[in-house]
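Q: Could you take me on a close look at one enclosed space inside this protein? I'd like to know which residues surround it and how it fits into the wider picture.

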Amino acid sequence: MSSRSKRRRIAEEVEYSKRSLPQPKNNTIFPTSNINILVENPVTEFDNNVAMTSTDNTQAEKSIQNVMFPNNCLSDSVQILNNPFIDPENSHVMYSPTIEESFLSFNETSQCDEIFNTRLNLRKWAVDYNIPQHAVNGLLSMLKQHKCFKSLPKDSRTLMQNITKNTSNYYSINPGLYYHFGVENGIKLNIDRSLDSYNVELVIGIDGLPLFKSSSDQFWPILAYIHSNGSVFPIGIYYGKEKPSDSNLFLSYFIDELQLLVQNGIEIDKKVYGVRVRVFCCDAPAKSYILKIKGHSGFHSCSRCEQEGEYLLNRVCFPYLKPESRPYKRTHSNYLTKSSEDHHVGDLSIVASVPNFNVVNDFSLDYLHLVCLGTVRKLIHFWIKGPVRVRYPSWKINKISVLLNKIKINCPSEIARKPRGLDQVNRWKGTEFRTFLLYFGTIVSKSVLSKVHWNHFFHLSLSMIILLSPEYIQYLDLARQLLDSFVEHFESIYGRHLISHNIHGLLHLCDDYAKFGPLDQCSTFPFENYMGVLKNMIRKPHKPLEQIVNRYNEKTSIPKHIDINQDKFHLSGPHCNGPKLESTTRYSQFKVLKSKNAIVKSHIEADSYLLTSNKKVVKVFNIIQTEHKDILLICKQFKHYKLLFNKPIKSSLLDLCCQ
C-alpha cells in the first residue's frame, strides 16, 4: 500500500469516526447582562446627557468564541482509531484497525481535522444559501485544483452525504403522494434540552400551498412547532394536482403517531417528556376541510356558536344579535354526537380521536385571515370602491397613500415591510395589513375619514392592540366590548348583508386570548413564513416532493449550531464621534445595539427612539461599552408629551405616548 493511499484511508476512517460519535457540548461563556434604563428629570427640550447602564459583567468572558467543534477533537480522533467500531461498508461487521493503520503523526491528524471542518463548512454554506448542486459541483472542481483541497469530493452528492432514497415513508393518498417526516423526529430535532419543563406542547398548522402559476400542482403540508421554541418543522407533506380527497386518510399517519406520543410520551436523553397538542392553527377553508364541517359560505359555518346565517342580496351573512339573544356555543361533545347535523359534512374527523383535545375550542380563530386579510382588507376596499354612501373620492384615498409613503422613511427596523400606498392594496401581504391596523391606519386616516368611520376603525385597532399584548389581560373585557360594538355598528354603517363569516368571528376572538394568551401564540403567521421556505427548496418542477425531502435531510444532517447568546446584546458599528462620557473610564463607542427582539441605531433617526419602563420617551445619541462590559446609552429625554387618545382609555396606559 502506498503512503498516499494509506493517508487517504486513515483520513476517511477519522472522518467517519467523528461523524459516528456525538459532539461534546460547547462550553463557551457569554455576557449575561440586562439593560436597566435610568432617566433623570427632564429639562426644557432635551435633558443633558443621561447614561443608561447595565448590570456589572466583570465575571463574563471578554472574548467571544464561535467554536463549532471542541478543542479536544484531535485527541478523540486518535483514540477512536484504537477502538473497534462498525465498518461503514458492512454495518454488521465489527473490526479493529491494525497498528499500522492506527498510527498518525501530529501533522497528518491536524490536516484531517482541517479537511473535516472544511467539508462540514461547505455543506453548511450550501444548505444555508440553498445552493444548487451544479453550482456546488463547479466550486468543488475549482477548489480541487489547489493542493490544499485535493481530498475534497468531486460531486456535491458525496459532499452533502445524500442518503439513498428511502421509500418506506412515501404513501399513496388519492390523488397524490404523501411523505411522513414524523412527529417524534421533529420533536427530537427541535426540542430545547436546557428547559426544566418535561412537557412538550405542539402547535399544529395545516394549509394548502400552490407551487406554480402555470399548473395546479400543490402541497398540503402538516407543520408544527414546539410552543416553547417556535422553530417550525414539517411532520408530513402531501403533493398532488388537487388536495387529498379524504382528510382522514391524509391525516391518518400523523394522528396515529400523535396518539401514541400523547399516551406514552417521548424519551429524549433518558428523560421522558409528555406530549400534547396545544392548538391547531388553520384558516376557515382548511378548518372546514379537516373537521369535515360546513365552509365559511355555509349557513351553519361558525365553528364556535350555532347561529344560523341568512341569505341577503345574493350572499350568506350573519346579522348581529344582542348577547342575550345569541344561540348556544358549540362544544366538543356536541361535535361528537352531531347534535347540529347541518354543521357537519360526512363523517367525524379523525382529529377528534386525539386524547385531551377539544375540536371546538382548540382550533383557533386565526387573526391573520380573520382580521388582517379579512376585516381590514374589507374595510379598505369599502373606502376605495364600496357602496356610494361609504366610498371616498380618489383625492382622499390618494391623501392616505401620500401619508403612508411619507411614514416609510420613519419606520423602525422591526417593521419588515414598509408601508405602501392604497393603490397597491391588492398586493399587500398580511403583515402590511397588520401594520396598518396597529400603527399607521388610525393616524393617516384621521384627517380623511368621517368621524363615524374613523371611530369604528379605531375600535377595531384598539381591541387588537390589547389582544396582541401579553401584559394587557386586565383590558380583556374592554376588548370584548369594543369588538361587540364594532360588529354592531358594522351593520348600520356598511350594511346588514355584509356581515360575513369573518366579521361574525370577531365576537369569539377574545375567547382565544383567554385560552391561549396573545393571539400571536395561536396564529398562522409562523406557518405562512415557513411555506415560503418550502417553496424555495424547489429548484425545478420535476418531482417537487422528493426535492423537499432531500433538502430537509441535508439540513438536518448538519450539526445544529445553538446560539446561546440569543437573549443577550450585540454591539456593532464602532466609531469615535461621541457624545462621550466625562469620566476617565476607558470605553468603546458603537452605533448599533441588537437584542433578540429589538434594535437601536444611534445614527438612524427611525431606530434611535426608546420608551423606558417608566414610560419616558428618549432619543439615543450614542452607545457605549465600558472596559467592565457595562452598556451605556447616551440619551436625551423629551419633556412635553401629548396623549394620542383618551377614550375609551388613555393611550398612556397602553404605552402609546407620542411626542
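A: Let's start with the walls of the second largest cavity, which in this predicted model is lined by Leu404, Arg417, Lys418, Pro419, Arg420, Trp428, Glu432, Thr435, Phe436 and Phe440. If you sort that lining by class, you get five nonpolar, one polar and four charged residues. You can find the charged ones in the list yourself: Arg417, Lys418, Arg420 and Glu432. The lone polar residue is Thr435.

Now look for helix α13, which spans residues 430–444. With four residues, helix α13 gives the most to this lining. The space enclosed here is about 70 Å³.

How do we find such a space at all? Rolling a probe the size of a water molecule over the atoms reveals where empty space remains.

Across the whole structure, the search turns up three cavities of 30 Å³ or more. The largest cavity holds about 110 Å³ of space, and 14 residues line it. Nearest its centre are Arg330, Thr331, Tyr335, His343 and Val360. The lining of the largest cavity has five nonpolar, seven polar and two charged residues.

To finish, step back to the protein chain around these spaces. The chain has 659 residues, and 46% of them are buried. Its fold includes 19 helices and 20 strands. Among contacts with a separation of 6 or more, 64% are between residues 24 or more positions apart.

Methods
Residues are numbered from 1 along each chain as its sequence is written. This is a predicted model: local features need pLDDT of at least 70, side-chain atom pairs count only at pLDDT 80 or more; totals for chains, interfaces and linings use all residues. Side-chain values use heavy atoms; hydrogens and water are left out. Helices (H or I, at least four residues) and strands (E, at least two) are DSSP runs, numbered from the N terminus. Buried means under 20% relative accessible area, exposed over 50%, partly exposed in between (1.4 Å probe, protein chains only). Contact means heavy atoms within 4.5 Å. On a 1 Å grid over the protein atoms alone, a cavity is a set of points where a 1.4 Å probe fits but cannot get out, and a pocket is an open set with protein on both sides within 12 Å along at least five of seven lines; lining residues have an atom within 4 Å of a point. Grid points are joined across faces, edges and corners, and a volume is the space filled by probe spheres set on the points.
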